[in-house]
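Take a walk through this structure, one stop at a time. We begin at the surface, then turn to one chain, and finish where two chains meet.

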Amino acid sequence: MRTPLRRIAAFIAGAALSVPLGLAAAETASAEDPKGYVTMSLDLAALGAGVLYEPLKMPFYEGDNWAALTLRFLGADNVQYSGSVSSSFYISDVKLPRDIEVSVPQVIVDEVEDLGDELEDGPSAAGEWLSAFDYYWMSGWMYTINSEMASLGASDIQPQDGDVVRWNFTVYGYGADLGLDVGWGFDALFPAADKSGLVKALGAVNADPGRSALLAKPGAQAAYDAALAALGALQATQAQADQAATALDQAITAVPPPSHVDISAELAATMAYLKTTVPEPVFGSQGGEWVVLSLARSGVELPAGYAAGYYQRIVAEVTDTAKHPKAPQLDNSKSTENSRLILALAALGYDPTDAGGLDLTWPLSDYSFVTRQGINGPVFALIALDTVPLDMPDIGDFNPAADTANQNTRERMVQYLLDKEINRGTSSAGGWALSGSTPDPDMTAMALQALAPHKSDPDVAAAINRAVGALSGLQNAQGGYASWGTVNAESIAQVITALTALGIDPATDARFVKAEGNAVTALLDFFVAGGGFKHTAGGGVNQMATEQGAYALVAYDRFANGLNSLYDMSDAVQATPPPPDAEGDGAITLQGPDEVSGGAGATFNVQVLTDGWPDETYQLFDALINIPAQFEVTNAVASTRLGGGTLSWNVDADNKLRVVYANTALQPIALTGDTWPAELLTISLEVAGAVDPDVTPHADLTVGGATVKAHPDVQFAFDISQAAHRVSFEEIGITVTELFTGDGVDLIPASARAVAVSFSGVDLTGLAPTFKGQGLISSPELTAKRGQPTYVLVTAPATAAADLVAVASYTFPAGAPQAVKFGDTDANGLINAQDATDSISAWLRVKAVASNQDILRHNVTSDARINTFDALAVVANYVSGVDFPIALK
Amino acid sequence: MTTGQQPADGFASGGPSAGAVSSAHDAVAATGAPAPVRGLETGSQGAGSPAGLAGAGRRRWKWVIGIGGGLAVLAAAALIWYLNWGPAGVPALVLEKPAAISAQDRDEIVVDVRLTNLPEGVYPGASLAVEFDRGKLECVGVRQGTMKTLGGAGGFSIPIWSVDADYANREGRVNAMYLDQTGETWAYAPDGFAKGDADILLRLVFRLRDSAQAGDELDLRVKDAVLATTDNALRGSSLATADRTLRAFHTTVEVAD
């Protein structure tokens, strides 16, 4: 407990930092006429946490003061202050934009302990507020101008062109811990370096529109990181600060060497070709990761939503437990499936250790798994892990029961490759192959790509030299390579990628310039005008050849321009993963049961969904849904997310359902909420007459059109190309939908897989269905949504899909099944703040979540974990009526 | 009881204003303690002589003193029970009655939601569901109250509750919630409560619709309210109308000429 005297002292210190002088209020002037430029930064050197807000060079305008500039720099939402911009501005709290690691320098700890005090715990997580008095009662925010203590408050000083302002969090001595003599009875703990030059250098880089290209220059990123570290180091000397600034300046102003072979036209054409022919890359060895890698590393501008869409598809792919029951292990035998995906995600700046909550690197921790497919496994595992680079995970995290002797390491994989060198230990050693004793250009080149980052090891360097020699010897007179007797583009592409990774110029290095060409010109011989590559000289455009040719061109282009090699992705700009339910462009889909009973009167619901809603204002939504003759529409209800109107519907003589959503005053209608896909309508259907499944095995519902309109002639047509749903007829229909599978991280064990099971054709009143003897849990929400009795089964992930849809797996004894209401964590029949608080409590491990019913009540987001997203979903459901995601599956 | 307030279902109507027992007299009235015995004053004992009458008078006074003392003990016990275990000990949410508003007036109608007392505890979550006549009232939103949570500059902060006015107007029910996602750092706590100064949890804001008419008394009824703790599952420490650990008093909006 701080004494009142200390609080008074702190108050006085704070007041001294914001003495008002009644200067005119700062007004934001025209953005067209900057008066000059200043640079600002904010660091936590006194907490040992480095730079929090990196330096930025900013314009300032007539009327600006440092308070206004500070809010502009940090963002008004990230600062809490007393006073106003124009008077007595005093920062009390700054929001942490990321997690920080606090390690208060010993020089400060010693001073605190000399007073008989001790430091306290404080905020360190992203989103928390770092406030005055945190960690120590003397702490607070202060700023310097050009390394001098500011004499007035930030609202009382106007910037001058070239000024440098550094905001710091002082822990002890009101700035004495920052090396400043502040005159409060505390001498500077050490002589502070003038870091204005360093801040300016960093700020200029961050303000440069070509920042990415600047930092992609060789050594530039490392110089930037070193400069930032020097800025954030409390006791960095003047020499260290000056040296870091100079090194950064030199690195970013370095002029790249000229290109040796002009591939600009072919590169541009190939990138355009890939963007056109693969508009939506998916997980796969073609039309997938290699395309993404090529485009991302080429530096071309990606189409809007390209990266985010790919990421979302990948998350959907890897979390599909039906496809990948052992996720994050994506294949039973081939670790290259994981490695390939890691490459693509890293190239886009996404974190491969968190793809939809899955760490794709985990399976690479198992040496026996990685080497199971032979040499390709360790090759691409090394390439993948060395991209960012990524840590080798602990095999125990992947498989608690694993033999720790299988723990993989980079060293083990490197040794594996060295041991596989052809004729190793003999005078003819050199190169690699999948089998046999003749080096293969593809395999040799890929092994070199993997070993390139490890060439500082003498054994590795020696093997590399031998392999390079082998490749030189395998090259033909035109500069090309043959594999299995055929000269092909892919082999050349791999060699170019390998040589550039080793810093060898494939176009000019004497070892790779032959009588009629070099490796680069040889690759271009396979280029097809308009974009794309042939596999062999006599063929047409080939997808695999194009993808490998593409990234080989990118590898060479990067080499020629002095950028990081293709797989050295330490320069990749970190991307924020899109939310799994980001808005799309307005594509309509239908969601409903896969099977219904063919018996007359069987009922079910179908939802009409959209993945986006146009931004403009509309007054009316209409749609036409083609209803198969076997069904009769009994009702249509608008979603609670549609607002501003009421729904009218009718079924015409052709059994087409026509709906209109509008209001009588033609006021705007809207779709609220920001989760996607969003539900527009629920259509209730009934089987009109008995259907013989042998005669009519299925029926298809389709959407004939869906638009929003505004007077007089404004219209947006939703994409209906995917708006179809097939319903199969069965005597007893069983539809199984995946809800979630736990990952063992946050309260849901990895052994818990929840599926929704809907029944059609059986009256379950008074019955308690079981699956192989295990009781099913009734879900009123899913039943209402689907129009069919729906239950939740929590089963093992390995439960076969065939068993889940087999009628024979189920029994229907008399009884009352247990029921669960999603979001009702305290099972009192109500959803309110107690449930949201319980979700937080569960995540904080204050509240136990043990039973399957508890898990279902809490995991309303239907992902692998119970966490604060579930709390947010409860809030959204309570406040705005937003359906829980689990109820929409 | 403040005029116009009605207690929520499940509690005795006509009881005293929650938390506002001001005198033993009120407590007696609340508990329905028996009236003083008066039968001795009718003089029907048959003692006709002045001496007999004097003796009878002394015995009467002993009775009065004895009974009065017993009543005082009972009243004190009742007061102690009432303050600790009776309705006054149970916190209540009170929808304060707003001033009457003219049917033509489209100014905002602000309804304070006041908490009568806050027992020891930490309450990181709170929610309130209030039903209203959406045909005659429009929900505008909510405003900050005066009751503070922990955290923030100076140690306290007045939170902003979440509400969706569009949804409220569709449903005819204001669903407002405050949630401290850190679990306790920004939670409601007795330190942030002060009767009279910091006891308004939030303010509900409405506006009359054109269909409102003079003479209308538009109900605002608390459907559900809770101040949630993290250990409610273990200790039952939350305050909730559903559990009768939180009372709620409805109100009306009077529409005048």
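Start with a nonpolar patch on the surface, made by Trp843(A), Leu844(A) and Val846(A) and covering about 250 Å². Keep in mind that the model is predicted. Look at Val846(A): it sits in the loop that links α23 (833-843) and α24 (852-858) of chain A. Why can Val846(A) be part of a surface patch? Its relative accessible area is 42%, so it counts as partly exposed. Patch residues need over 30%, so Val846(A) passes that cut-off.

Now move to chain B. Chain B has 257 residues, and 40% of them are buried. Its elements are four helices and 13 strands. Contacts in chain B often link distant parts of the sequence: among those with a separation of 6 or more, 78% join residues 24 or more positions apart. On the outside, chain B exposes about 12,700 Å². Carbon and sulfur atoms supply 53% of that area.

Last comes the meeting of the two chains. Here 26 residues of chain A are in contact with 29 residues of chain B. Together the chains bury about 2,200 Å², with 61% of it on carbon and sulfur atoms. On the chain A side, Gln834(A), Tyr878(A) and Val879(A) supply 28% of the area buried against chain B, more than any other three residues. Which elements of chain A give two or more residues to this side? They are β4 (90-95), α23 and α25 (868-880).

What polar links cross the interface? The rule finds 10 residue pairs in polar contact. It finds zero salt bridges there.

Terms used:
Residues numbered from 1 in each chain as written. Chains lettered and ligands numbered in written order. Predicted model: local features only at pLDDT ≥ 70, side-chain atom pairs only at ≥ 80, totals over all residues. Heavy atoms only, no water. Buried < 20%, exposed > 50% of the residue type's maximum accessible area, 1.4 Å probe, protein only. Contact = heavy atoms within 4.5 Å. Areas by Shrake-Rupley, 256 points an atom, 1.4 Å probe, with all protein chains shown as cover. Patch = residues over 30% accessible without salt bridge, like charges linked within 9 Å, V, L, I, M, F, W, Y side chains within 5 Å. Salt bridge = Lys/Arg side-chain N within 4 Å of Asp/Glu carboxyl O. Buried area = accessible area lost by both parts, 1.4 Å probe. Polar contact = N/O pair within 3.5 Å; in protein donor to acceptor, adjacent residues only side chain to side chain.
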